[in-house]
Amino acid sequence: MFDRDRWQEIINAIKTNKLRSALTAFGVFWAIFMLIVMTGSGNGLKNGITEGFKDFATNSGFMWANTTTKAHEGYKRDRNWQINNKDIEEIKDQVAGIDVISPRLNGWNLRNGENIVRGERSAAFNVMGDYPSYRKIDPCTMVWGRYINDEDILHKRKVCIIGEKVYEIMFDEDEDPVGTYVRVNGVYFMVVGVFRSNNPNINIGSNKKETVYLPFTSMQQTFNYGDQVHFFGITAQKGTKISKVIDSIKPILQKNHKIAPKDDEAIGQVDLENEIKGMFYMFLGIDILIWVVGIGTLIAGAIGISNIMLIVIKERTKEIGIQRAIGARPKIIIGQILMESVFLTTIAGFLGLAFGTIVLYLVDMAVDTSIANAGPDDQTFFMNPEIGLPIAISALLMLITVGFIAGLVPALNAVKIKPIDALRHE
């Protein structure tokens with residue numbers, strides 16, 4: 001293993017055929033380089049997307065009313081219906097396993113034209129009605145002031161909180177907005193807070209940065225929504241699947257609104273737990289694809305090395321014959337060829353690993369700079385491209401294995417040559 005003469009022979013053989021050795025090593029270098037870069041990029045995509053909903057309640061779901069698709073109890077199909085306050089109360093009382101239920105209003109009719117006015121400034125923004133409990137589903141950070149509270153709901157106060165984009169347009173930089181008033185569709189509401197979403201990649205109902213949030217009860221009363229609920233969010237208690245909770249809610253809504261039990265389209269739903277699980281399966285698929293492509297490229301490089309080693313052995317047939325004639329055992333010949341193959345593969349692969357890591361580091365620096373300079377409208381879908389220690393160790397082990405396999409066939413062919421035939425070879 002540490003025979004100086006043997007290593008001298010290996011290095012001399014590589015130096016003698018520099019171009020051939022470089023071209024042979026390039027296949028392995030490129031395979032490892034691409035494997036590292038693709039794996040790191042896949043991790044960067046995963047990190048960016050998961051960072052965008054890291055605080056969102058994963059055991060949550062949303063439900064809303066859709067047009068019916070089946071006739072039922074004298075009602076025709078294609079009927080519009082609406083969830084109401086009574087439904088929410090019954091769901092709270094009758095469905096076990098609910099941790100949080102938060103009804104919401106989506107003020108689409110408030111978006112016609114510039115519906116938000118402050119002094120001489122006006123703009124068009126989304127307007128939604130919420131309960132304080134919604135913050136448990138989709139947490140946020142208050143940049144200024146406070147969130148909507150229970151007193152706002154109870155007394156139907158005309159207060160609001162606004163997203164970062166609303167603040168940017170309606171207020172001067174670093175201006176304290178708390179206590180000021182904005183006019184929402186002709187009605188004045190006092191700003192009590194500005195929030196920043198902890199989960200910018202998930203927007204349910206509207207872009208949160210461009211939304212004005214009112215207390216749910218205030219919005220119902222002020223804009224004549226009666227007892228309407230446009231949709232609601234729910235979370236399940238620990239140990240309870242959100243899909244089970246959703247299935248328990250459906251019969252209540254079907255009974256209250258005369259919806260056919262088999263009308264699966266009449267009640268819209270999103271199961272975040274299932275959606276996120278599907279997303280992670282997608283990431284797993286991407287990882288598998290990356291490894292398949294990387295290993296395939298590595299195998300192609302190994303085949304190249306194996307073919308080159310066969311040529312090398314043919315060129316060194318006479319030398320091998322002399323070694324055999326003076327008493328060199330087959331395992332010595334095999335060991336020398338295997339060491340040359342493994343050495344060439346390992347050096348090329350290590351360089352590929354090093355250059356791939358450098359590229360990921362440079363990309364990470366560029367992404368960090370981009371995120372630091374990003375505005376409130378920008379979303380992050382890529383960050384921290386990286387490879388872990390297990391991947392690096394796996395890559396190194398693959399290199400050694402590939403080098404061994406690439407040299408094994410040529411080595412076995414070499415020891416099959418009879419010394420007398422090798423000495424006669426020209």
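This report looks at the overall build of a predicted protein model, then at one arginine and one surface patch.

## Overall build

The protein has 426 residues, and 46% of them count as buried. Its secondary structure comes to 13 helices and 14 strands.

Contacts tell us about the fold as well. Take those in the protein with a separation of 6 or more: 80% of them come from residues 24 or more positions apart. The accessible surface is about 21,900 Å². Carbon and sulfur atoms hold 58% of that surface.

## Around Arg118

Start with strand β4, which covers residues 116-118. Arg118 sits in this strand.

Which residues does Arg118 touch, leaving aside those up to four places away in sequence? They are Met170, Phe171, Glu175, Thr180, Tyr181 and Val182. Glu175 also has a polar contact with Arg118. That contact joins the two side chains at 2.8 Å.

## A nonpolar patch

Now turn to the surface. Five named residues build a nonpolar patch there: Ile347, Phe350, Leu351, Phe355 and Leu396. The patch measures about 460 Å².

Which helix gives the most to the nonpolar patch? Helix α11, spanning residues 330-372, does so with 4 residues.

## A look at Leu351

Leu351 is one of the patch residues, and it lies in helix α11. Is Leu351 buried, exposed or partly exposed? Its relative accessibility is 40%. Buried means under 20%, and exposed means over 50%. The value for Leu351 falls in between, so Leu351 counts as partly exposed.

Key:
Residues are numbered from 1 along each chain as its sequence is written. This is a predicted model: local features need pLDDT of at least 70, side-chain atom pairs count only at pLDDT 80 or more; totals for chains, interfaces and linings use all residues. Side-chain values use heavy atoms; hydrogens and water are left out. Helices (H or I, at least four residues) and strands (E, at least two) are DSSP runs, numbered from the N terminus. A polar contact is a pair of N or O atoms within 3.5 Å; within protein, one must be able to donate a hydrogen and the other to accept it, and residues adjacent in sequence count only if both atoms are side-chain atoms. Contact means heavy atoms within 4.5 Å. Patches are made of residues with over 30% relative accessible area and no salt bridge: like charges are joined within 9 Å, nonpolar side chains (Val, Leu, Ile, Met, Phe, Trp, Tyr) within 5 Å. Accessible areas come from the Shrake-Rupley method with a 1.4 Å probe; for residues, only the protein chains shown count as cover. A salt bridge is a side-chain nitrogen of Lys or Arg within 4 Å of a carboxyl oxygen of Asp or Glu. Buried means under 20% relative accessible area, exposed over 50%, partly exposed in between (1.4 Å probe, protein chains only).
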